[in-house]
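Q: Before we turn to particular features, could you show me the model and then take me through how to read it, one feature after another?

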Amino acid sequence: MPLKRRSLLAAAALCAGTGLLAASPAVAAYPDKPVTIYVGFSAGGPTDMVARVLAEKLSQKFGQSFVIDNRAGASGAVAANLVKKAPADGYTLMLGSSSTLSIIPFVQKGIQYDSIKDFTPIALVASYPYYLTVPANSKFKTYDDLVAFGRGKDNHLSYASAGNGAVNHLAGEWFKNDTRINALHVPYKGDSAAITDLIAGRVDFAFLAGVVAIPQVTAGKLRILASASASPDRGQKDTLVIGQQKLPGFAAEPWNGLMGPAGVSADIVTQLNSAVNEIMGSPEVKAKLLTLDQYPFTGSPTQFTDFIQKQSAHWAGVIKKSHIVLD
């Protein structure tokens, strides 16, 4: 090798070793600015609560702010449409829900997104069982009391939900269909409004997440008659489990998962999935979520995609069986 060429190569190696030679500008690490996580429900509800736990820990993990933006409406469809149209750069995410991703597309006319094609599933986060709940001063002291009354020829019940197409709407219709009770659905704009009217006795019952129901039970304003948990080891102890003791297979456990717009890079998905799994698997977060009656998940993006598809098939069956159609 000629001396001149050897000298040039040696100089280049020296510069590279000392950081003086830069072949190209450094690629910025993700994230290098705040990340927005849209939540399709109002503040204070179960999705919002788990979103804030997750955002706090992601902020600590990455040293960058993960900010919650509540955009309530249409059982999460408002937030979903915002995220669908956002740049796929990892800076706009959504804490999707079972109603947004596995129910609304099958029951609501005019929905303009596909749960799989229009989003990038990142990580399943948590789930929580619903409870069959009545006002504390209700004449229905047990599950059997409520069902027996609802089957009466001239008797009519009413039940509240967080909105048309919400999981507790479908749970109510499923419950009504399988128990053969007379019950009118009364939709609200979120759980908070539904609980207010339930406590006041304006509606007879509701399926509610523990995080919103249990504090009201403790305060003497509501009473839990049964659990809609899919597993007897979840939820409140010594509570009748509908699917195991009354209606085989009956379970209503909403869930949440982190999503991005379609096309988020595999590298960003891997970083976020790893971080969420680490957070959800930590003893501290597990303990915190259990105080909210929520149960964390860990898993891959592929497993999350499969989960969405299975849940969609499940709720599509409930919708068909109960003849639910929303305009």
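A: We can begin with the length of a helix, remembering throughout that this is a predicted model. Helix α2 (residues 46-62) has 17 residues, which at 1.5 Å a residue should span 24 Å, and because its end C-alpha atoms are 24 Å apart, the expected and computed values agree.

Q: Which residues of α2 are buried?

A: The general idea comes from helix geometry: an α-helix has 3.6 residues a turn, so residues three or four places apart point the same way. In α2 the buried residues are Pro46, Thr47, Asp48, Val50, Ala51, Val53, Leu54, Ala55, Lys57, Leu58 and Ser59. After α2 comes Gly63, which has a positive phi near 65°.

Q: How should I read the packing of α2 against another helix, and at what angle do the axes of α2 and α11 cross?

A: One looks at the approach of the axes, their angle, the handedness and then the residues that meet. The axes of α2 and helix α11 (residues 283-291) come within 11 Å and cross at roughly 160°. Since angles over 145 degrees count as roughly antiparallel, α2 and α11 are therefore roughly antiparallel to each other. The crossing of α2 with α11 is right-handed. On the α2 side the meeting residues are Val50, Val53, Glu56 and Lys57, and on the α11 side they are Glu284, Val285, Lys288 and Leu289. By class, the residues of this contact of α2 with α11 comprise four nonpolar, no polar and four charged.

Q: Where the axes of α6 and α12 cross, what is the angle?

A: The axes of helix α6 (residues 167-179) and helix α12 (residues 301-322) come within 10 Å, and they cross at roughly 50°. That angle makes α6 oblique to α12. The crossing in which α6 passes α12 is left-handed. From α6 the contact draws on Val167, Leu170, Glu173, Trp174, Asn177 and Asp178, while α12 contributes His314, Trp315, Val318, Ile319, Lys321 and Ser322. The residues of the contact of α6 with α12 fall into six nonpolar, three polar and three charged.

Q: Turning to the backbone, which residues other than glycine have a positive phi?

A: A useful reading sets the torsion beside the place in the chain and the accessibility. Ser75, which is not a glycine, has a positive phi of about 55°, and Ser75 lies in the loop between β2 (66-70) and α3. With a relative accessible area of 8%, Ser75 is buried. Arg180 is another such case, for its phi is positive and near 65° although it is a residue other than glycine. Arg180 sits in the loop between α6 and β7 (183-187), and at 58% relative accessibility Arg180 counts as exposed.

Q: Is the peptide bond from Tyr30 to Pro31 cis or trans?

A: Here the torsion to read is omega. The bond from Tyr30 to Pro31 is cis, with omega near -10°, and Pro31 belongs to the loop between α1 (3-17) and β1 (35-39).

Q: How do I set separation along the chain beside separation in space, and what are the two values for Asn81 and Asp118?

A: The two values are best read together, along with the contacts of the residue. Asn81 is in helix α3 (residues 77-84), and its C-alpha atom is separated by 9.4 Å from that of Asp118, 37 residues apart along the chain. Apart from neighbours within four places in sequence, Asn81 is in contact with Gln112 and Tyr113. Lys221, in the loop between α8 (210-218) and β9 (222-227), offers another pair: the C-alpha atoms of Lys221 and Gly235 are 14 residues apart along the chain and separated by 19 Å. Lys221 counts as partly exposed at 42% relative accessibility, and, leaving aside neighbours within four places in sequence, Lys221 is in contact with Pro135, Ala136, Ile199 and Gln216.

Q: What do the totals say about the protein chain, and how many helices and strands are there?

A: Totals give the setting for the local readings. The protein chain has 12 helices and 11 strands, and its C-alpha atoms fill a box of roughly 105 × 40 × 30 Å along the principal axes. Of the 327 residues in the protein chain, 51% are buried. Among contacts between residues at least 6 apart in sequence, 78% join residues at least 24 apart.

Key
Residues are numbered from 1 along each chain as its sequence is written. This is a predicted model: local features need pLDDT of at least 70, side-chain atom pairs count only at pLDDT 80 or more; totals for chains, interfaces and linings use all residues. Side-chain values use heavy atoms; hydrogens and water are left out. Axes are lines fitted to C-alpha atoms, for helices over the stretch in contact, and angles run from 0 to 180 degrees between N-to-C directions. Helices (H or I, at least four residues) and strands (E, at least two) are DSSP runs, numbered from the N terminus. Angles under 35 degrees count as roughly parallel, over 145 as roughly antiparallel, 65 to 115 as roughly perpendicular and the rest as oblique. A crossing is left-handed if the near helix is turned anticlockwise from the far one by less than a right angle, and right-handed if clockwise. Contact means heavy atoms within 4.5 Å. Ala, Val, Leu, Ile, Met, Phe, Trp, Tyr, Cys and Pro count as nonpolar, Asp, Glu, Lys and Arg as charged, and the others, Gly among them, as polar. The expected span of a helix is 1.5 Å times one less than its number of residues. Buried means under 20% relative accessible area, exposed over 50%, partly exposed in between (1.4 Å probe, protein chains only).
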